[in-house]
Amino acid sequence: MEFRDERRTAIIIASGPSAGDADLSLCKGWPVVVVNDCFRLYRDADILYACDRQWWDIHQRDTQNFAGERWTQCAETAQKYGL
């Protein structure tokens, strides 16, 4: 049985040895969250999430052309970069 519930299912692409080898074209049509540098692997993601301020300080400029939403859990970073 294949589980697919568009109201609850999302694909999360996170750093790991297999992230670069995955067939990311299979993500089309699903909500996709990329974590940290994985936004470079899948530019069509809906959300880019990175939690630490240091990551955003380094990569904020690189993420300006990211079409999806940019998220963090750090209120100070969210305010600083409009996340």
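**Exercise 1. Determine which elements are linked by the salt bridge between Lys-80 and Asp-57, and classify the exposure of both residues.**

Solution.

Step 1. In this predicted model, Lys-80 and Asp-57 form a salt bridge whose closest N and O atoms are 3.4 Å apart.

Step 2. Lys-80 belongs to helix α2 and Asp-57 to helix α1, so the bridge ties together parts that are 23 residues apart in sequence.

Step 3. The partly exposed class lies between 20% and 50% relative accessible area. Lys-80, at 45%, therefore counts as partly exposed. Asp-57 has a relative accessible area of 36% and is therefore also partly exposed.

Step 4. Salt bridges with shared partners place Asp-57 and Lys-80 in one network, together with Arg-53 and Glu-76.

**Exercise 2. Characterise the salt bridge between Glu-76 and Arg-53 by its distance and its place in the chain.**

Solution.

Step 1. The side chains of Glu-76 and Arg-53 meet at 2.3 Å, N to O.

Step 2. This pair links distant parts of the chain, with Glu-76 in helix α2 (residues 75–81) and Arg-53 in helix α1, 23 residues apart.

Step 3. The relative accessible area of Glu-76 is 47%, which means that this residue is partly exposed. The value for Arg-53 is 32%, so Arg-53 is partly exposed as well.

**Exercise 3. Locate the salt bridge of Arg-40 and Asp-62, and identify the contacts of His-59.**

Solution.

Step 1. A search of the whole structure yields four salt bridges. One of them joins the side chains of Arg-40 and Asp-62 at 3.2 Å, N to O.

Step 2. Arg-40 sits in the loop between β2 (32–35) and β3 (47–49), whereas Asp-62 sits in the loop between α1 (53–59) and β4 (69–71). The two residues are 22 residues apart, and the pair links distant parts of the chain.

Step 3. With relative accessible areas of 39% for Arg-40 and 38% for Asp-62, both residues are partly exposed.

Step 4. His-59 is placed in helix α1. Buried means under 20% relative accessible area; His-59, at 13%, is therefore buried.

Step 5. When neighbours within four places in sequence are left aside, His-59 is in contact with Asp-37 and Arg-40.

**Exercise 4. Describe the largest nonpolar core and the surroundings of Val-34.**

Solution.

Step 1. The largest nonpolar core holds 15 residues; Ile-13, Val-32, Val-34, Tyr-42 and Leu-48 touch the most other members.

Step 2. The elements contributing two or more residues to this core are β2 and α1.

Step 3. Beyond its neighbours within four places in sequence, Val-34 is in contact with Ile-13, Phe-39, Tyr-42, Ala-45, Ile-47, Leu-48, Tyr-49 and Phe-66.

**Exercise 5. Is Asp-44 buried or exposed, and how far apart are the C-alpha atoms of Asp-44 and Val-32?**

Solution.

Step 1. Asp-44 lies in the loop between β2 and β3.

Step 2. The exposed class begins over 50%, so Asp-44, with a relative accessible area of 54%, is exposed.

Step 3. Asp-44 and Val-32 are 12 residues apart along the chain, and their C-alpha atoms are separated by 8.1 Å.

**Exercise 6. State the confidence of the protein chain as a whole and the strands in which confidence is lowest and highest.**

Solution.

Step 1. The average pLDDT of the protein chain is 86, and 92% of the residues score at least 70.

Step 2. Confidence is lowest in strand β1 (residues 11–13), with a mean of 90, and highest in β3, at 94.

Definitions and conventions:
Residues numbered from 1 in each chain as written. Predicted model: local features only at pLDDT ≥ 70, side-chain atom pairs only at ≥ 80, totals over all residues. Heavy atoms only, no water. Helix = DSSP H or I, 4+ residues; strand = E, 2+ residues; numbered from the N terminus. Buried < 20%, exposed > 50% of the residue type's maximum accessible area, 1.4 Å probe, protein only. Contact = heavy atoms within 4.5 Å. pLDDT = per-residue confidence, 0-100. Core = buried A, V, L, I, M, F, W, Y, C linked by side-chain atoms within 4.5 Å.
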